[in-house]
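Here are my notes from a pass through this model, in no strict order of priority. Have it open next to you as you read.

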Amino acid sequence: MKPITYELMKTCKQTGARLGRVHTPHGSFDTPTFMPVGTLATVKTMSPEELEELNANIILSNTYHLWLRPGDDIIGEAGGLHQFMNWNKAILTDSGGFQVFSLSDRREIKEEGVHFRHHLSGEKLFLSPEKAMQIQNVLGSDIMMAFDECPPYPATYDYMKASVERTSRWAERCLEAHLRQNDQGLFGIIQGGEYEDLRKQSIEDLTSLDFPGYAVGGLSVGEPKHIMNEVLEFTTPLMPSNKPRYLMGVGSPDSLIDGAIRGIDMFDCVLPTRIARNGTCMTSFGRLVVRNAKYARDFRPIDEKCECHVCKNYSRAYIRHLIKCNETFGFRLTTYHNLYFLLNLMRKVRKAISEDRLGDFKKAFFEQYGLNQP
Ligand SMILES: CNc1nc2c(CC[C@H]3O[C@@H](OC)[C@H](O)[C@@H]3OC)c3nc(N)[nH]c(=O)c3cc2[nH]1
Ligand SMILES: [Zn+2]
């Protein structure tokens with residue numbers, strides 16, 4: 001099966017952004033791109049057909065969650081994750097490194113891996129680089145993530161140094177385990193927090209292993225946005241320019257634009273689908289909490305500048321009514337619109353890069369969205 005390759009098409013003359021294309025065994029996608037998150041083998045409330053309609057070309061799922069429920073063995077018997085969830089385009093799976101540190105408590109990090117308790121049943125579990133690769137291999141995702149530690153924010157320099165060195169040793173074990181199983185794309189995850197020398201060390205360790213792509217990990221973990229931008233400022237230029245760069249867990253419209261400007265190609269975040277389920281929508285003019293009483297008789301679309309199916313056919317008053325009555329269709333409408341909004345934003349970002357005007361696009365978008373110009 002052909003591995004992951006990256007085509008760098010163009011670099012924006014106004015910023016550090018780049019236009020590219022990633023090729024996977026389940027199709028290609030243009031970058032910069034936003035990847036909808038389908039942690040439990042579904043992008044919540046969306047069907048694969050609707051995701052196709054939205055032009056999503058790659059979605060995410062999660063090793064930790066699928067290993068626990070329904071079990072990678074069941075997905076394996078189904079013929080893998082593409083078959084199981086009836087999605088025939090690209091799938092990226094995270095390794096579980098983040099979930100072990102964010103969901104479970106009473107965890108113990110050892111050189112061989114992490115001992116922890118199931119976040120629901122309390123059952124004692126163990127995840128290691130080899131186990132994370134074995135699960136992802138059974139899932140059959142097109143892009144797999146190395147098993148890493150995503151350290152908490154903030155973390156001391158000494159803690160971060162030891163963590164980066166262990167994550168680098170784990171990455172090597174992932175690669176060895178991976179190469180024994182198949183030739184799918186395995187991305188290394190760069191750690192190091194806000195320490196420039198540790199980010200550099202992580203990049204050197206991981207690029208020496210020659211992964212087909214690299215993620216910037218350890219961000220969007222509670223640090224102020226200016227810290228994330230400063231870290232990207234000195235990290236992305238040190239990353240290979242001929243490989244995809246994936247910023248994990250990001251994010252909001254402004255963070256996507258700021259990340260693209262700093263040379264990031266791939267983004268994922270549960271934000272659009274998560275806030276949709278409590279009735280909050282992203283619009284060209286900022287966030288709109290459609291469940292608010294002031295929309296009870298507002299028959300305009302969520303976003304009058306949006307071309308999506310929801311904004312062409314349904315009003316704020318109707319969607320507010322459904323959300324207030326906890327009607328599933330209401331969550332489907334807000335989710336569909338929010339995913340369209342972010343996927344369409346990345347289309348506009350790619351067009352701005354092709355016309356060397358991403359800096360101007362950012363200025364206009366931030367003003368209209370109501371963001372102060374940093
Ligand atoms: C939200 N901020 C954030 N998420 C992060 C994730 C999880 C994304 C994964 O977790 C689920 O979303 C919470 C999704 O499943 C997603 O990908 C599949 C990370 N994963 C790893 N392995 N290493 C990191 O350094 C890391 C940093 C993050 N920062
Ligand atoms: Zn819309």
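**Notes on the model**

1. Let me begin with a small detail: Glu108 has His115 in strand 8 as its bridge partner. Keep in mind throughout that this is a predicted model. The bridge belongs to the pairing of strand 7 with strand 8 (residues 114-117), which is antiparallel and rests on two bridges.

2. Staying with that region, strands 7, 8 and 9 make up an open sheet in the order 7-8-9, with antiparallel pairing. Its edges are strand 7 (108-109) and strand 9 (124-127), each of which pairs on one side only.

3. Now for strand 11. How many of its six residues are buried? The count is six of six for this strand, which spans residues 185-190 and is mostly covered. Side chains in a regular strand alternate between the two faces of the sheet. In strand 11, Gly185, Phe187 and Ile189 point one way, while Leu186, Gly188 and Ile190 point the other way. Both sets are buried.

4. Strand 11 has parallel neighbours to look at. Strand 10 (residues 143-145) runs parallel to strand 11 and is joined to it by three bridges; Met144 has Leu186 as its bridge partner there. Strand 12 (residues 213-216) also runs parallel to strand 11, with four bridges between them, and Ala215 in strand 12 stands opposite Ile189. To get from strand 11 to strand 12 the chain passes through helix 8 (residues 196-207), a right-handed β-α-β crossover.

5. While you are at helix 8, have a look at Leu206, which sits in that helix. Why does Leu206 count as buried? Its relative accessibility is 1%, and the cut-off for buried is under 20%. Its C-alpha atom is 7.3 Å from that of Ala171, although the two residues are 35 apart along the chain.

6. For contrast in topic, take Thr33 in strand 4 (residues 33-35). Thr33 has a relative accessible area of 9%, so it is buried. The C-alpha atoms of Thr33 and Lys363 are separated by 20 Å, with their positions 330 residues apart along the chain.

7. The zinc ion (ligand 2) deserves a check if you plan to parametrise it. Which atoms coordinate the zinc ion (ligand 2)? They are the SG atoms of Cys306, Cys308 and Cys311 plus ND1 of His337, at 2.1 to 2.3 Å. The arrangement is tetrahedral because the four donor atoms subtend angles of 102 to 118 degrees. Along the chain the donors follow the spacing C-x1-C-x2-C-x25-H.

8. One pair of those donors links distant parts of the chain: Cys308 and His337 are 29 residues apart. Cys308 lies in the loop between strand 16 (286-289) and helix 12 (309-313), whereas His337 is in helix 14 (residues 328-354). Are these two buried or exposed? Cys308 and His337 are both buried.

9. Last, ligand 1. There are 22 residues around ligand 1, and Asp94, Gln99, Asp148, Gly218 and Leu219 come nearest. Gly218 has a backbone N or O atom 2.8 Å from an oxygen atom of ligand 1. Two side chains also supply N or O atoms: that of Asn62 at 2.9 Å from a ligand 1 oxygen atom, and that of Thr39 at 3.3 Å from a ligand 1 oxygen atom.

Methods:
Residues are numbered from 1 along each chain as its sequence is written. Chains are lettered from A and ligands numbered from 1 in the order in which they are written. This is a predicted model: local features need pLDDT of at least 70, side-chain atom pairs count only at pLDDT 80 or more; totals for chains, interfaces and linings use all residues. Side-chain values use heavy atoms; hydrogens and water are left out. Buried means under 20% relative accessible area, exposed over 50%, partly exposed in between (1.4 Å probe, protein chains only). Two strands pair if DSSP finds at least two bridges between them. A crossover is right-handed if, with the strands pointing away from the viewer, the path from the first strand over the helix to the second runs clockwise. Donors are N, O and S atoms within 2.8 Å of the metal (3.2 Å for Na, K and Ca); water is not among the atoms, so sites may look incomplete. Four donors count as tetrahedral if all angles lie between 85 and 135 degrees; four count as square planar and six as octahedral if opposite donors are over 155 degrees apart and all others between 65 and 115; anything else is irregular. A residue is near a molecule or strand if one of its heavy atoms lies within 4 Å of it. A polar contact is a pair of N or O atoms within 3.5 Å; within protein, one must be able to donate a hydrogen and the other to accept it, and residues adjacent in sequence count only if both atoms are side-chain atoms.
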